[in-house]
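Q: Please take a close look at the sheet in this model and at what is built around it. I would like one connected account that moves from the strands outward.

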Amino acid sequence: LEIHTAETLQDAELFLKKMKCQVVISDLRLTGTVGNEGFAILRMVKQNNSRTKVILVTAYGNSEIKDQAFKMGASFYLEKPVLADDLRKAMRSLGV
């Protein structure tokens, strides 16, 4: 596996414009407790390459956020704390 990281929405945007990824793992909130940049990343991914899979992770989840994530095309929605085994299972089910 080759892993790349981005700390801001802008960094993620620049990277996603240049690279095609098999899977993107994104936190819902990149900045503080009211952000939802993960949805912006999910939207970008699906607009640029609809076959890229997205795993959305959050510590601030609820059923509305989960429903919205899946409606926007997320392959998995995981609530923190995320166990390594759960992430491994999600990645395997996506063929990674």
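A: In this predicted model, three strands make up an open sheet whose order is S1-S2-S3, and the pairing is parallel. The edges are taken by strand S1 (23–27) and strand S3 (76–79), each of which pairs on one side only. Averaged over the sheet and with direction ignored, neighbouring strands are turned by 20° against each other. As general background, the strands of a sheet pair through backbone hydrogen bonds, in either a parallel or an antiparallel manner.

Between S1 and strand S2 (residues 53–58), which run parallel, there are five bridges; among the residues involved, Val24 has Val54 as its bridge partner in S2. Helix H2 (residues 37–48) packs on the sheet, where it touches S1 and S2, and its direction makes about 180° with that of S2. Helix H3 (residues 63–71), in turn, lies across S2 and S3 and runs at about 155° to S3.

The ends of H3 can be described in some detail. At its N-terminal end, Asn62 acts as the cap, with a side-chain oxygen 2.9 Å from the backbone nitrogen of Glu64. After H3 comes Gly73, which has a positive phi, near 110°.

The packing of helices and strands can also be followed through the nonpolar residues. The largest nonpolar core has 16 residues, and those with the most contacts inside it are Leu16, Val24, Phe39, Ile41, Val45 and Ala69. Helix H1 (9–18), H2, S2 and H3 each supply at least two residues of this core, and H2 gives the most, with five residues. Val24, named above as the bridge partner of Val54, is thus met again among the residues with the most contacts inside the core. If residues up to four places away in sequence are not counted, Ile41 touches Leu9, Ala12, Leu16, Val24, Ser26 and Leu30. Apart from the largest core lies another, of seven residues, which include Val23, Ile55, Leu78 and Ala90.

Within S2, Thr58 deserves separate attention. Thr58 has its place in strand S2, and because its relative accessible area is 0%, it counts as buried. Its side chain reaches the backbone nitrogen of Tyr60 at 2.9 Å. Leaving aside residues up to four places away in sequence, Thr58 touches Asp27, Leu28, Tyr77, Leu78, Glu79 and Lys80.

Two of these neighbours of Thr58, Asp27 and Lys80, also meet each other, since their side chains form a salt bridge with an N to O distance of 2.4 Å. Asp27 lies in strand S1 and Lys80 in the loop between S3 and helix H4 (84–93), so this pair ties together parts that are 53 residues apart in sequence. Asp27 counts as partly exposed because its relative accessibility is 22%, and Lys80, at 40% relative accessibility, is likewise classed as partly exposed. Lys80 is also one end of a peptide bond to Pro81 that is cis, with omega near 0°. Pro81 itself is placed in the loop between S3 and H4.

Beyond this loop, the description passes to helix H4. The salt-bridge count for the model comes to three. In addition to the pair of Asp27 and Lys80, the side chains of Arg88 and Asp85 meet at 3.3 Å, N to O, and those of Lys89 and Asp85 meet at 3.4 Å, N to O. Arg88 and Asp85 both lie in H4, three residues apart, about one turn of the helix, whereas Lys89 and Asp85, also both in H4, are four residues apart, again about one turn. An α-helix has 3.6 residues a turn, so residues three or four places apart point the same way. Asp85, Arg88 and Lys89 are linked in a network of salt bridges. Arg88 is partly exposed, with 40% relative accessibility, and Asp85 is partly exposed as well, with a relative accessible area of 35%.

Technical notes: Residues numbered from 1 in each chain as written. Predicted model: local features only at pLDDT ≥ 70, side-chain atom pairs only at ≥ 80, totals over all residues. Heavy atoms only, no water. Pairing = 2+ DSSP bridges. Axes fitted to C-alpha atoms, helices over the stretch in contact; angles between N-to-C directions. Contact = heavy atoms within 4.5 Å. Salt bridge = Lys/Arg side-chain N within 4 Å of Asp/Glu carboxyl O. Buried < 20%, exposed > 50% of the residue type's maximum accessible area, 1.4 Å probe, protein only. Core = buried A, V, L, I, M, F, W, Y, C linked by side-chain atoms within 4.5 Å. Polar contact = N/O pair within 3.5 Å; in protein donor to acceptor, adjacent residues only side chain to side chain.
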